[in-house]
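Reader: I would like a close look at a single part of this protein, the cysteines. Please take me through them step by step.

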Amino acid sequence: MENNGKEEEVPENANEHCPGPQSDNAGKDDACAGCPNQEVCATAPKGPDPDLVGIAERMATIKHKILVLSGKGGVGKSTFSAQLSFALASKNYEVGLLDIDICGPSIPKMLGLEGQDIHQSNLGWSPIYLESNLGVMSIGFMLPNPDDAVIWRGPRKNGLIKQFLKDVDWGDVDYLVVDAPPGTSDEHISIVQYLHATGIDGAIIVTTPQQVSMIDVRKEISFCKKVGIPILGVVENMSSLRQSIPDLKFMKMGMNGDNEKDVTQWAMDYIKENAPDLLSMVVCSEVFDSSAGGATQMCIDMGVPFLGKVPMDPQLCKAAEEGRSCFTDRKCNVSASALEKIVGKLLAIHHQ
């Protein structure tokens, strides 16, 4: 299909006689009825956008732009985005973290920045700075009440994402980490459209090991390939539960699974007396079924890089709840070392 002399890509699952996603009739033509892309096409911006010049100018001071995506919610994508930002900042890079999960902005909580307000200057919106080299922007800073629901249609979400990209004064930044919502919704189409001209390094896709998660991740990988986003790699989060024995809680159950009784103190005393070496060990348990090979096998099947596994670590969950880095103390030994290896691989990609 030709559009102003340029070939326009039509989605593979589009209806016959599709007018094209950039057509003025996109999503409105008779041929669009029943198409799975109808709502997205109808609400997506059409034609050249005059704001793209402003976005390109603003993004020119940012060296690397990384999208963090997931096929479904609840896989730890925002936790990974936050800890990736902490890790890069700890290596003395200038880092920006942009939260475009409009309906579920959890980044302010995960960086301990709840209740902060955005300030404006003649240069634009100023990010909220956790450290001198780690700035954050999120709709969560704009809500008068953190419990308020954001009930917006696609065009309004797109407008805010555009404003974040055009009006936030990041300054000179080495890495901009963009935490996107789950799936392949309007927000994804917008961020790709607005950033394509400025250069996207690529996407990191976060999943959990079980098939129900990777079914959706495969769609996310397909989305990236169709819109031309390089895939930096896949991270398998919550790959297994790993917890030190002193952090365990022991319960004695009744015959029918009821009448729970906390026997932690007895168990710990018994271990100290009879098997003290166990206190320095870590318990490992497979929480999700990975018998099909998990993310490692999926990456082989789909021809994309695998960055590594991050175990389910209660100490990492606690760090995210408390809005702190998992790298600053020795409580998150298991997860911090896994994340460090993944960050090392990313830096190696950029330094090739």
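Author: Start with Cys 284. In this predicted model, the cysteine sulfur closest to that of Cys 284 belongs to Cys 317, and the two are 16 Å apart. A disulfide needs the two sulfur atoms within 2.5 Å, so the sulfur of Cys 284 is too far away for a bond. The search can be widened from this residue to the whole structure, where zero disulfides are found.

Other cysteines appear in a database record. An unreviewed UniProt entry lists Cys 18, Cys 32, Cys 35 and Cys 41 under "binding site". In sequence these residues are spread over 24 residues, yet in space they cluster, with 10.7 Å as the largest C-alpha distance. Cys 18, Cys 32, Cys 35 and Cys 41 are also included in the lining of the largest cavity.

Now take some of these residues one by one. Cys 18 sits in the loop that runs between β2 (6-7) and α1 (38-43). The relative accessible area of Cys 18 is 17%. Buried means under 20%, so Cys 18 counts as buried. Cys 35 has a relative accessibility of 12%, and therefore it is buried by that cut-off. Cys 41 belongs to helix α1, and its relative accessible area of 12% makes Cys 41 buried as well.

To put the parts together: the record names four cysteines for a "binding site", they cluster in space, and the structure as a whole holds zero disulfides.

Key: Residues are numbered from 1 along each chain as its sequence is written. This is a predicted model: local features need pLDDT of at least 70, side-chain atom pairs count only at pLDDT 80 or more; totals for chains, interfaces and linings use all residues. Side-chain values use heavy atoms; hydrogens and water are left out. UniProt positions are given in the numbering used here, feature names are shortened, and annotations may be inferred rather than shown by experiment. On a 1 Å grid over the protein atoms alone, a cavity is a set of points where a 1.4 Å probe fits but cannot get out, and a pocket is an open set with protein on both sides within 12 Å along at least five of seven lines; lining residues have an atom within 4 Å of a point. Helices (H or I, at least four residues) and strands (E, at least two) are DSSP runs, numbered from the N terminus. Buried means under 20% relative accessible area, exposed over 50%, partly exposed in between (1.4 Å probe, protein chains only).
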